Amino acid sequence: MSKLTDIQYRIDQLDGGAFQNLCDAYLTCKGYGIGYSLGMRTGTNKTAKGNPDTYFLKEDGKYVFVMYTTQKDDFIKKALKDLEKCFDADKTGIPAENVGEIVYCHTCGRLLAGDTQTLNEFCKARNSTLTLIGLDKLGEDMNYATFNIFCKYVQSVWKQLILVQDI
């Protein structure tokens with residue numbers, strides 16, 4: 001098994017909480033800043049109800065909402081439901097026009113081009129940008145971390161998660 005395939009496999013094996021912790025660290029190191037994680041119980045790898053799962057406030061006053069899922073069955077249906085919640089001011093406390101970007105981190109390995117288009121158009125119709133981050137992108141960045149700009153913090157979080165999973 002190649003290193004990239006092994007990394008993708010290990011990410012895919014993470015439970016929801018570990019996946020969310022890994023992605024929170026990943027997004028911080030990718031330049032989103034320090035996020036506020038509503039979807040995690042503080043100090044644990046346990047998920048909690050929160051909408052969005054994590055958010056970042058940008059300098060322009062717009063929010064970046066982040067949703068996470070390890071669900072593979074009916075992925076598009078779930079993603080559309082999650083995205084809809086991000087634009088519901090009653091659920092987020094933020095007017096939809098203040099949501100500048102939604103980052104959707106997922107472990108769905110086979111996302112069709114038409115599905116990607118459907119999700120992108122859903123956000124575009126609400127004047128927001130969608131960034132999809134799946135196993136391919138996460139795996140590539142983690143695989144090439146030693147050669148590029150990837151943050152050592154994410155690498156240490158990754159190592160801790162793998163050690164916990166291997167026990």
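## Close-up views

**View A. Strand S4 (residues 99-106) and S5 run parallel to one another and are joined by five bridges.** Across this pairing, Ile-102 stands opposite Leu-130 in S5. The model is predicted, so to speak of a local feature requires pLDDT of at least 70 and to count a side-chain atom pair requires pLDDT 80 or more, whereas totals for chains, interfaces and linings use all residues. Residues are numbered from 1 along each chain as its sequence is written, and side-chain values use heavy atoms, with hydrogens and water left out. Helices (H or I, at least four residues) and strands (E, at least two) are DSSP runs numbered from the N terminus, and two strands are taken to pair if DSSP finds at least two bridges between them.

**View B. The sheet is open and holds five strands in the order S1-S2-S3-S4-S5, with mixed pairing.** Its edge strands are S1 and strand S5 (129-133), each of which pairs on one side only. Strands of a sheet pair through backbone hydrogen bonds, in either the parallel or the antiparallel sense. The chain as a whole contains seven helices and five strands, and from the N terminus on its elements follow one another as α-α-β-β-β-α-α-β-α-β-α-α.

**View C. S2 has antiparallel pairings with S1, over two bridges, and with strand S3 (residues 63-69), over four bridges.** On the S1 side, Ser-37 has Thr-54 of S2 as its bridge partner; on the S3 side, Thr-54 is partnered by Val-66 and Tyr-55 by Phe-65. S2 and S3 form a hairpin with five residues between them, and in the turn Gly-61 has a positive phi of about 85°. One face of S2, made of Thr-54 and Phe-56, is covered, while the other, made of Tyr-55 and Leu-57, is uncovered.

**View D. S3 is mostly covered, seven of its seven residues being buried.** Here buried means under 20% relative accessible area, exposed means over 50%, and partly exposed lies in between (1.4 Å probe, protein chains only). Tyr-63, Phe-65, Met-67 and Thr-69 point one way from the strand and Val-64, Val-66 and Tyr-68 the other way, and all of these residues are buried. S3 also runs parallel to S4, to which seven bridges join it, with Phe-65 and Ile-102 of S4 as bridge partners. For the chain of 167 residues, 40% count as buried.

**View E. Two salt bridges involve acidic residues of helix H1: Asp-6 meets Arg-10, and Asp-12 in H1 is linked with Lys-72.** A salt bridge is defined as a side-chain nitrogen of Lys or Arg within 4 Å of a carboxyl oxygen of Asp or Glu, and a search of the whole structure finds five of them. The side chains of Asp-6 and Arg-10 meet at 3.5 Å, N to O; because these residues are four apart in helix H1 (residues 3-13), they are separated by about one helical turn. Asp-6 is partly exposed at a relative accessible area of 28%, as is Arg-10 at 27%. The closest N and O atoms of Asp-12 and Lys-72 are 2.7 Å apart, and this pair links distant parts of the chain, 60 residues apart, since Lys-72 lies in the loop between S3 and helix H3 (75-86). Asp-12 counts as partly exposed at 24% relative accessibility, and Lys-72 is partly exposed with a relative accessible area of 38%.

**View F. Lys-30, Lys-137 and Asp-141 are linked in a network of salt bridges.** Within this network, the closest N and O atoms of Lys-30 and Asp-141 are 3.2 Å apart. Lys-30 belongs to helix H2 (residues 16-32) and Asp-141 to helix H6 (residues 135-143), so this pair ties together parts that are 111 residues apart in sequence. Lys-30 is partly exposed, with a relative accessible area of 36%, whereas Asp-141 counts as buried at 13% relative accessibility.

**View G. Lys-49, Lys-77, Lys-81 and Lys-91 gather in a patch of positive charge on the surface.** Patches are made of residues with over 30% relative accessible area and no salt bridge, like charges being joined within 9 Å and nonpolar side chains (Val, Leu, Ile, Met, Phe, Trp, Tyr) within 5 Å. Lys and Arg count as positive and Asp and Glu as negative, with His and the chain ends not counted; each charge is placed at NZ of Lys, CZ of Arg, CG of Asp or CD of Glu. Accessible areas come from the Shrake-Rupley method with a 1.4 Å probe, and for residues only the protein chains shown count as cover. Lys-49 lies in the loop between strand S1 (36-37) and strand S2 (54-57), and counts as exposed at 87% relative accessibility.
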